[in-house]
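Me: I would like a close look at one part of this protein, the disulfide and the helix around one of its ends. Could you take me through that part carefully, and say how far the model can be trusted there and elsewhere?

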Amino acid sequence: MGLLLLVGALQACTGIKLGYNNGVNLAAWWLDGHIDFSKAQSQQVREDLRQLQVRHRQHDLPDYAQTLRQAQALVTHDLDAEQVCAVGTTLRGYFEALLVEAEPAATNLLQTLTPAQITHLEGKYAKTNAEYRSDWLALTPAAMHQKRYDKALDRAEMVYGRIDAAQKALIRQQVEQSRFDPQLVQTERLRRQTDTLETLRQLQHDTATVADTRNAVRGLMERSVHSPQPGYRTYAQALALQDCQGIAVVHNSTTAKQREAAVRWLAGYEQTLRELSAQR
C-alpha cells in the first residue's frame with residue numbers, strides 16, 4: 001500500500017481524463033459483462049452512474065488532488081513505514097467512501113436482478129477464476145517472483161525515472177521476501193464470490209424490500225473490504241505493513257533527481273484531477 005499504490009490506480013494523465021470522462025460508459029459496459037442487462041436495467045444503471053459521477057467529480061476529486069499535493073511534500077524526504085501506510089489508509093478511506101456513495105445505485109440494480117442474471121454472474125466468476133489460476137497459481141515460485149518484480153520495477157520507473165542496479169536489487173529483494181500468497185488471495189476471492197451469489201439468491205427468495213436490499217448491499221461491501229475470516233485479515237495486515245516497509249526502503253535509496261521526478265509525476269496527476277473536478 002502507500003505511495004506506489006497511486007501508480008496502480010493512475011495511467012498517463014490523458015488516459016485518466018479520457019477514462020474518467022467516459023467512466024459511466026466503461027462502468028456500465030463492465031457491469032453488463034457480468035450481469036447481462038435488460039434495456040431497462042441498462043438505462044437505470046447509466047443514470048445512477050451518471051449521478052454518482054457528478055457528485056464524485058465535485059466533492060471527491062478535490063480531496064484526491066489534495067492528497068497528491070501532500071504526497072509531493074513527503075517524497076522530497078526519506079520516509080518510514082508509518083508515513084507510507086498513512087497514505088495507504090487515506091486511499092482506502094476514499095475507496096470505502098465511494099462504496100457508501102454507490103449503495104443507492106447498487107440497491108436499485110439488485111432489486112431488478114433475475115435468476116438467469118445471477119447464473120450469468122456465476123459463470124463470469126468461473127471465467128475470472130480460471131484466468132487467475134493461469135496468471136498466478138500455475139506459476140512456479142521463481143516465475144511468480146519475476147512477474148511481481150517486473151511489475152514493481154515498471155511502477156518504480158514510472159514514478160522515479162531510471163532505476164539503477166542497486167535499486168533494482170532492492171526491489172527484487174522486497175519481492176522475494178514478500179508474504180504475498182496467491183492461494184490465500186484466491187481463497188478470499190472465492191469467499192467473496194460465494195457470499196455475493198448466496199446473498200443475491202436469498203434476496204430473491206425472501207422477496208426483499210428496499211430496506212432489506214440496501215442492508216444486504218451494505219453488508220456485502222463491508223465483508224468485501226473487511227474480510228470476516230480472521231486468518232485472511234491477519235495476512236492482509238501483515239502484507240500491507242511489509243509493503244509499506246519495502247516502499248520506504250526503496251524510496252530512501254533514491255537520489256535528489258529521482259525525487260524531483262516523483263514530485264513532477266504527482267504534480268501532473270494533481271493538476272489532472274483538479275481539471276477534471278472543474279469540468280461540468
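Reply: What follows starts with the disulfide, moves to the helix around one of its cysteines, and ends with confidence and two further residues.

This is a predicted model, and the structure holds one disulfide. The bond joins Cys85 to Cys244, with a distance of 2.2 Å from S to S, and the link is right-handed, with 120° about the S-S bond. Because Cys85 lies in helix α5 (residues 81–101) and Cys244 in helix α12 (residues 230–251), the pair ties together parts that are 159 residues apart in sequence.

Turning to the Cys244 end, this cysteine has a relative accessible area of 1%, and it is therefore counted as buried, the limit being under 20%. The helix that carries Cys244, α12, has 22 residues and reaches 32 Å from its first C-alpha to its last, which is close to the 32 Å expected at 1.5 Å a residue. Cys244 is one of the buried residues of α12, and these also include Tyr232, Tyr235, Leu239, Ala240 and Gln242, as well as Gly246, Ile247, Ala248, Val250 and His251. The buried residues of α12 pack against α5, the helix of Cys85, and also against α4 (39–74), α8 (141–160), α9 (165–176), α10 (182–205) and α13 (256–278).

One of these partners, α9, is the place of Lys168, a residue that is partly exposed, with a relative accessible area of 31%. Leaving aside its neighbours within four places in sequence, Lys168 is in contact with Tyr149, Leu153, Glu157 and Ile163. Another partner, α4, follows a loop that begins after α3 (23–35), and Asp36 lies in this loop between the two helices. Asp36 has a positive phi of about 65° although it is not a glycine, and it is partly exposed, with a relative accessible area of 46%.

As for trust in the model, the mean pLDDT of the chain is 93, and 95% of its residues reach 70 or more. Among the elements of the chain, helix α7 (residues 115–137) has the highest mean pLDDT, 98, whereas helix α1 (residues 5–9) has the lowest, 40. Over residues 1–13 the pLDDT is below 50, although this stretch has 38 contacts in the model beyond near neighbours in sequence. Where pLDDT is low, the predicted coordinates should not be read in detail.

Technical notes. Residues are numbered from 1 along each chain as its sequence is written. This is a predicted model: local features need pLDDT of at least 70, side-chain atom pairs count only at pLDDT 80 or more; totals for chains, interfaces and linings use all residues. Side-chain values use heavy atoms; hydrogens and water are left out. A disulfide is a pair of cysteine sulfur atoms within 2.5 Å. Helices (H or I, at least four residues) and strands (E, at least two) are DSSP runs, numbered from the N terminus. Buried means under 20% relative accessible area, exposed over 50%, partly exposed in between (1.4 Å probe, protein chains only). The expected span of a helix is 1.5 Å times one less than its number of residues. Contact means heavy atoms within 4.5 Å. pLDDT is the predictor's confidence in each residue, from 0 to 100.
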